[in-house]
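Here is a short tour of a protein model, meant to be read with the structure open beside you. Keep your viewer handy and rotate along as we go.

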Amino acid sequence: MAYEDFYESAIRHWIDGSILEENEEYDSAVCMQGFAAECALKRIMERICSSSNIRKYSHFGEALFQDIVMMLTGDVGLTMMIDPACALRLSQMALPEVLFRDHPERRYFGDDKFVKKDAEDCRQAAGCLIRELAFMRLDGYV
C-alpha cells in the first residue's frame, strides 16, 4: 500500500520549486509550486474528510481550495476543528490564477511559457499555504 504524506510532499515540492526559480527555470518552478500548493491543500482537506474523498480532486487544486474555503466559512463547528485562526486566514487568501493554470498538464509544456513574476507569485502563494499547514501541525490540528 502506498503511503501518501502530503505535508512532506508539499515542503519538498516548494523547496524544489524555489531552487528551480533561483536557477531561472521558471516553467519548472511554477509546476513544482503548483504541486506544493496542491499537496498542502490535500493535507488540510484530510483533516476535514476521508482520504477517499480527497482522491476525487485529483490535481484540481483550485477546486480543492474553493471547497475548503466554502466548508470553513459555512460550518462553524468544522472551523473550530481545523483551527479558527487558520480558517480565517485561508478564507482571506487569494491564490494567483497562474498557480493552478494548466496544472498538471503544464509539466509537458515547452519552455518559456512562464516568467520570473509567475514563479515568484507561485512561490509566495504556495509558501503561505505551507506556513498555514506548519502552524496547524505545530498546534496539533493536523
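Let us begin at a single residue, K113: its relative accessibility is 40%, so K113 counts as partly exposed. You will find K113 in the loop between α6 and α7. Along the sequence, K113 lies 87 residues from Y26, yet their C-alpha atoms are 8.4 Å apart in space. Please bear in mind that the model is a predicted one.

## The overall picture

Stepping back, the protein chain contains seven helices and zero strands. Read from the N terminus, its elements run α-α-α-α-α-α-α. Of the 142 residues in the protein chain, 45% are buried. If you are looking for ring–ring contacts, a search of the whole structure turns up zero aromatic pairs. There is, however, a contact between a charge and a ring: the charged end of R137 sits over the ring of Y7, at 4.0 Å from the ring centre.

## Helix α2 and its surroundings

Helix α2 covers residues 26–48, and with 23 residues at 1.5 Å each it should span 33 Å; the C-alpha atoms at its ends are indeed 33 Å apart, so expectation and model agree. How many of the residues of α2 are buried? The count is 20 of 23, which means that α2 is largely enclosed by the rest of the structure.

One neighbour of α2 is α1, whose axis comes within 8 Å of the axis of α2 and crosses it at roughly 160°. Because an angle over 145 degrees counts as roughly antiparallel, α1 and α2 are roughly antiparallel to each other. The crossing of these two helices, α1 and α2, is left-handed.

Two residues of α1 can be placed against A40. I11 belongs to helix α1, and with a relative accessibility of 29% it counts as partly exposed. E8 is also found in helix α1; its relative accessibility of 47% means that E8 counts as partly exposed. The C-alpha distances from I11 and E8 to A40, along with the K113 pair from the start, are set out here:

| Residue pair | Separation in sequence | C-alpha to C-alpha distance |
|---|---|---|
| I11 and A40 | 29 residues | 8.3 Å |
| E8 and A40 | 32 residues | 8.9 Å |
| K113 and Y26 | 87 residues | 8.4 Å |

## Helix α7

Now turn to α7. How does this helix lie relative to α2, roughly parallel or roughly antiparallel? The axes of α2 and α7 come within 9 Å and cross at roughly 25°. An angle under 35 degrees counts as roughly parallel, so α2 and α7 are roughly parallel to each other. The crossing of α2 and α7 is left-handed.

In length, α7 has 23 residues and reaches 32 Å from its first C-alpha to its last, which is close to the 33 Å expected at 1.5 Å a residue. Several of its residues are buried, among them D118, C122, G127, E132 and M136. Others buried in α7 include A119, A125, A126, L129, I130 and L133. Just after α7, G140 takes a positive phi of about 85°.

## Backbone details in the loops

A few spots in the backbone deserve a look if you plan to inspect torsions. Which residues does a cis peptide bond join? They are H103 and P104, with omega at about 0°. P104 is placed in the loop between α6 (84–92) and α7 (116–138).

The loop between α6 and α7 also holds D112. Although D112 is not a glycine, its phi is positive, at about 75°. Is D112 buried or exposed? With 71% relative accessibility, D112 counts as exposed.

A positive phi also appears at E24, again not a glycine, with a value of about 60°. E24 sits in the loop between α1 (6–22) and α2. At 59% relative accessibility, E24 counts as exposed, because the cut-off for exposed is over 50%.

Note on methods:
Residues are numbered from 1 along each chain as its sequence is written. This is a predicted model: local features need pLDDT of at least 70, side-chain atom pairs count only at pLDDT 80 or more; totals for chains, interfaces and linings use all residues. Side-chain values use heavy atoms; hydrogens and water are left out. Helices (H or I, at least four residues) and strands (E, at least two) are DSSP runs, numbered from the N terminus. The expected span of a helix is 1.5 Å times one less than its number of residues. Buried means under 20% relative accessible area, exposed over 50%, partly exposed in between (1.4 Å probe, protein chains only). Rings of Phe, Tyr and Trp (its six-membered ring) pair if their centres lie within 6.5 Å; planes under 30 degrees apart count as stacked, over 60 as edge-to-face and the rest as tilted. A charge sits over a ring if NZ of Lys or CZ of Arg is within 6 Å of the ring centre and within 35 degrees of the ring normal. Axes are lines fitted to C-alpha atoms, for helices over the stretch in contact, and angles run from 0 to 180 degrees between N-to-C directions. Angles under 35 degrees count as roughly parallel, over 145 as roughly antiparallel, 65 to 115 as roughly perpendicular and the rest as oblique. A crossing is left-handed if the near helix is turned anticlockwise from the far one by less than a right angle, and right-handed if clockwise.
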